[in-house]
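Open the model in your viewer and keep the sequence panel beside it. The tour below goes stop by stop, with a selection to make at each one.

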Amino acid sequence: MATARIPQEVSDPYSALEGKSAFGQPLFAKLVPYAVHVAVSIYDERKERLVNTTVIDELEGLTQKLRDLLQSLNLPGSLQALEKPLGLPPSLNTHAEEIRQQDGLHKLRRSMHEINKLKSNDAAMYQEGVGLLKTEAEDDDKARLKHGTERWNRQPSREAAKHLYAKVDEIDGYLKSAASSDDLVKNKLKECEGAIEVLGGTARDLESYVPNSKRTALTPAVERAVDGLRSTLSDVTKLEHRRKKRIQEVREKVKYDDISQSPEL
């Protein structure tokens with residue numbers, strides 16, 4: 001005959017949730033008080049501030065001071081310039097080649113000569129027109145004196161040809177402005193003639209003209225100083241690498257330092 005039995009999970013549910021039961025651990029077994037979360041958050045914040053202030057910021061500040069000092073001494077650039085000549089910058093070589101292809105200073109001088117010829121022709125044409133107007137005005141004045149204003153009743157030349165005289169004044173302004181611009185260009189060309197002539201010359205002349213494009217001969221004393229400086233810069237580089245490595249190690253330790261996983265919590 002069957003006997004009715006109540007399952008233990010029903011009669012004693014709390015014991016069924018303990019240990020390694022089929023239902024696993026209680027739902028809120030690992031729930032910690034809110035104060036613990038606040039304490040963990042405060043700990044993490046103070047830990048980050050302490051590490052950044054006393055370790056990382058200090059190391060990075062020392063490294064930056066060292067870099068500023070080297071930059072003020074123009075290092076290691078000056079040392080590299082002694083060990084290996086910098087040569088001519090690519091942009092300078094490009095400009096020099098363009099000037100050589102365009103015939104450089106000779107083309108500029110030919111252009112200035114042609115501009116002077118055009119300037120002379122324009123000035124001659126302008127003076128010819130001004131002369132014609134002046135002759136016409138003189139003839140008009142003579143005729144007015146000879147025949148009187150009653151018989152010679154035409155307007156004076158400047159009033160009759162007002163638009164022509166206005167055009168003369170306008171062209172005179174253009175010519176004066178052009179002459180000023182020409183003088184400015186001539187002065188600029190005179191200032192730059194030497195540099196343009198060097199750029200338009202041979203590559204060897206350009207290298208001789210530009211400083212630090214060839215290796216400098218060093219005395220034995222300077223050679224010893226350069227060797228010592230090179231060794232010091234090598235030590236500085238190693239020191240920077242060690243500092244970077246130490247900062248990375250500290251950050252890794254801070255990252256994996258999680259007190260919320262402590263068994264006591």
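Is Arg49 buried, exposed or partly exposed? Select Arg49 and show its surface: its relative accessible area is 45%, and because the partly exposed class runs between 20% and 50%, Arg49 is partly exposed. Bear in mind throughout that this is a predicted model.

**Stop 1: along helix H3**

Keep Arg49 selected and add Glu45. The two form a salt bridge, with 3.8 Å between the closest N and O atoms. Both residues belong to helix H3, which covers residues 34-72. They are four residues apart, about one turn of the helix. This pair is one place to begin with salt bridges; a search of the whole structure finds twelve.

**Stop 2: from H3 to H10**

Now select Arg67 and Glu240. Their side chains meet in a salt bridge, at 3.6 Å from N to O. Arg67 is in helix H3 and Glu240 is in helix H10 (residues 220-256), so this pair ties together parts that are 173 residues apart in sequence. The two partners differ in exposure: Glu240 counts as buried, at 15% relative accessibility, whereas Arg67 counts as partly exposed, at 37%.

**Stop 3: the nonpolar core**

Which residues make up the largest nonpolar core? Select Leu66, Leu70, Leu75, Leu79, Val226, Leu233 and Val236; these seven residues form it. H3 and H10 each supply at least two residues of this core, and the largest share, three residues, comes from H10. In soluble globular proteins, nonpolar side chains tend to be buried together.

Centre the view on Leu70. Setting aside residues up to four places away in sequence, Leu70 touches Leu75, Leu233 and Val236.

**Stop 4: a nonpolar patch on the surface**

Select Tyr34, Val38 and Ile42. Together they make a nonpolar surface patch of about 300 Å². Tyr34 is found in helix H3 and counts as exposed, with a relative accessibility of 66%.

**Stop 5: helix H5**

Select residues 90-101, which are helix H5. The helix has twelve residues and reaches 17 Å from its first C-alpha to its last, close to the 16 Å expected at 1.5 Å a residue. Just after H5, pick out Asp103, which takes a positive phi of about 70°.

Go back into H5 and show the side chains of Glu97 and Arg100. They form a salt bridge with 3.3 Å between the closest N and O atoms. The two are three residues apart in H5, so about one helical turn separates them. Both partners count as partly exposed: Glu97 has a relative accessibility of 37% and Arg100 has 28%.

**Stop 6: a salt-bridge network**

Next, select Asp44, Lys47 and Asp257, which are joined into one network by salt bridges that share partners. Then centre on Lys47. Is Lys47 buried or exposed? At 11% relative accessibility, Lys47 counts as buried. Lys47 is found in helix H3. Leaving aside neighbours within four places in sequence, Lys47 is in contact with Val254 and Asp257, so add Val254 to the selection to see both contacts.

How values were computed:
Residues numbered from 1 in each chain as written. Predicted model: local features only at pLDDT ≥ 70, side-chain atom pairs only at ≥ 80, totals over all residues. Heavy atoms only, no water. Salt bridge = Lys/Arg side-chain N within 4 Å of Asp/Glu carboxyl O. Buried < 20%, exposed > 50% of the residue type's maximum accessible area, 1.4 Å probe, protein only. Core = buried A, V, L, I, M, F, W, Y, C linked by side-chain atoms within 4.5 Å. Contact = heavy atoms within 4.5 Å. Patch = residues over 30% accessible without salt bridge, like charges linked within 9 Å, V, L, I, M, F, W, Y side chains within 5 Å. Areas by Shrake-Rupley, 256 points an atom, 1.4 Å probe, with all protein chains shown as cover. Expected span 1.5 Å × (residues − 1).
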